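Hi everyone, thanks for coming. I'd like to walk you through a structure that may be new to you, so please settle in and have a look at the screen.

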Amino acid sequence: MFKIRRGLIRDLLLEPDRAPPYGAGPLRSRSNLPPSENLPLRTNSSGVADLPAILSKTDRMRQIERFAGQQAMREAPERGAPHQGLMLILSSPSGAGKTTLTRMLLQTKELDLTLSISVTTRLRRSSEIDGIHYTFIDRRQFETLRDAGELLEWAEVHGNLYGTPRAPVAAVLGRGRDVLFDIDYQGTQQVRQNSGADVVTVFILPPSMKELRARLERRAEDSPESIAKRLANAREDILRWAEYDYVLVNHDLQDTFDDLCCILTAERRRKTRVREGIEALVKELLEESAIKPASPLQPESS
Ligand SMILES: Nc1nc2c(ncn2[C@@H]2O[C@H](COP(=O)(O)OP(=O)(O)O)[C@@H](O)[C@H]2O)c(=O)[nH]1
Ligand SMILES: Nc1ncnc2c1ncn2[C@@H]1O[C@H](COP(=O)(O)OP(=O)(O)O)[C@@H](O)[C@H]1O
């Protein structure tokens with residue numbers, strides 16, 4: 001079962017500044033939580049978390065847990081070379097929740113995801129750490145990287161430049177590990193063109209435009225002009241939903257997170273991604289079934 005501690009959800013929804021950076025600190029195990037924390041988390045109609053609460057996991061997630069060993073199987077040396085990792089891309093209009101979901105995925109160590117840290121010319125927000133959420137660079141540095149071919153993809157979004165450094169992504173994928181991307185539709189198109197079968201794309205929609213605006217205002221990280229620009233650009237973003245493999249409506253944060261875990265698990269188990277390991281296992285099964293059973297014991301002569 002993939003567990004998120006209650007405090008993390010509260011921090012992410014209500015006090016994003018207090019949320020630990022990506023991947024920081026171990027999660028508490030559910031069995032260590034006091035009983036009052038073992039309650040399902042739901043957000044109310046205004047999108048604010050009802051507390052106290054937690055994300056109990058449902059049978060759906062227990063099924064996922066049963067398959068948790070598949071990553072190890074993909075990498076088992078005796079079953080052949082490690083499979084190339086997959087690229088999980090999240091996109092959404094600004095404020096729909098992809099940064100929050102990214103944090104939850106990274107905090108869930110069992111998922112074993114590595115974030116692709118983009119470079120950007122945007123100004124750093126107060127809640128962001130250079131080198132963890134983004135690497136903040138100026139336009140000249142960005143253009144140097146881009147012109148040297150060091151970016152896997154890049155785009156201009158809301159008047160700023162964003163790009164994915166190529167080398168770290170290749171290194172992680174080459175070790176058979178999966179990489180998580182928080183990039184826009186333009187970047188998604190470029191990655192898909194270059195990396196086709198290894199790419200899984202998920203589009204996150206807000207439940208309503210009213211709620212999208214409310215989330216951007218509650219996040220309180222951008223100027224009113226910047227929020228207005230993000231809302232104006234949301235129309236164009238939203239229209240891109242059909243280009244994605246999966247589309248989720250982020251009404252309840254826990255439900256959306258659960259759905260993402262299901263998508264990731266199913267995609268990891270695709271026949272094309274586990275073929276080498278399964279072929280080796282099937283060979284062993286066939287060899288084992290061909291071994292003749294030992295002959296029955298002869299009765300001792302008196
Ligand atoms: N193409 C591309 N888009 C990116 C990259 N990094 C971030 N973005 C997108 O840029 C947009 C703006 O991101 P950000 O400034 O963090 O604002 P937010 O979406 O309001 O949190 C979002 O749609 C991100 O997904 C990148 O490396 N490449
Ligand atoms: N399902 C949800 N219900 C209520 N608030 C949410 C939900 N998902 C995210 N939020 C909040 O909405 C705001 C914007 O989310 P964020 O993850 O920063 O969006 P994005 O990265 O897509 O711009 C944040 O304050 C976050 O805590």
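Before anything else, one term: when I say two residues are in contact, I mean that they have heavy atoms within 4.5 Å. And please keep in mind that this is a predicted model.

Let's put that term to work on Glu153, which sits in strand β5, residues 151-157. Setting aside neighbours within four places in sequence, what is Glu153 in contact with? The list is Tyr162, Gly163, Thr164, Ile183, Gly187, Gln190 and Val191. One of these, Thr164, also shares a polar contact with Glu153, side chain to side chain, at 2.4 Å. Now, Glu153 carries a charge and is buried, yet it has no salt bridge. Where is the nearest side chain of opposite charge? That is Arg166, and it is 10 Å away.

Next, let's move over to helix α10, which covers residues 253-268. Here is a little check we can do together. With 16 residues at 1.5 Å a residue, α10 should span 22 Å, and its end C-alpha atoms are 23 Å apart, so the two agree. At the N-terminal end there is a cap: Asp252 places a side-chain oxygen 3.1 Å from the backbone nitrogen of Gln254.

Is α10 mostly enclosed or mostly open? Twelve of its 16 residues are buried, so the helix is largely enclosed by the rest of the structure. Among those buried residues are Phe257, Cys261, Ile263 and Leu264, but also Asp258, Glu267 and Arg268.

Let me zoom in on one residue of this helix, Leu260. Its relative accessible area is 2%, and because buried means under 20%, Leu260 counts as buried. Which residues does Leu260 touch, leaving out those up to four places away in sequence? They are Leu90, Leu101, Leu105, Val202 and Leu248. Take Leu90 from that list: it is 170 residues from Leu260 along the chain, while their C-alpha atoms are separated by 9.7 Å.

There is another pairing of this kind at Leu253, also one of the buried residues of α10. Thr100 is 153 residues from Leu253 in sequence, and the C-alpha atoms of the two are 8.7 Å apart. Thr100 belongs to helix α4, residues 98-107. With 19% relative accessibility, Thr100 counts as buried, since the cut-off is under 20%.

Let's finish with the charged pairs. How many salt bridges does a search of the whole structure find? The answer is 17. One of them brings us back to α10: Glu267 meets Arg273 at 2.8 Å, N to O, and both of these residues are buried.

Other pairs have a different setting. Asp147 and Arg146 form a salt bridge at 3.2 Å; Asp147 is exposed, at 60% relative accessibility, whereas Arg146 is partly exposed, at 25%. Then there is Glu236 with Arg240, whose closest N and O atoms are 3.5 Å apart. Glu236 is partly exposed at 42%, and Arg240 is partly exposed at 22%.

Finally, salt bridges can join up. Which residues are linked in a network of them? Look for Arg122, Arg125, Glu128, Arg219 and Asp222.

That's my tour. Thanks for listening, and I'm happy to go back to any of these spots on the screen.

Definitions and conventions
Residues numbered from 1 in each chain as written. Chains lettered and ligands numbered in written order. Predicted model: local features only at pLDDT ≥ 70, side-chain atom pairs only at ≥ 80, totals over all residues. Heavy atoms only, no water. Helix = DSSP H or I, 4+ residues; strand = E, 2+ residues; numbered from the N terminus. Buried < 20%, exposed > 50% of the residue type's maximum accessible area, 1.4 Å probe, protein only. Expected span 1.5 Å × (residues − 1). Polar contact = N/O pair within 3.5 Å; in protein donor to acceptor, adjacent residues only side chain to side chain. Lys, Arg positive; Asp, Glu negative; His and termini not counted. Salt bridge = Lys/Arg side-chain N within 4 Å of Asp/Glu carboxyl O.
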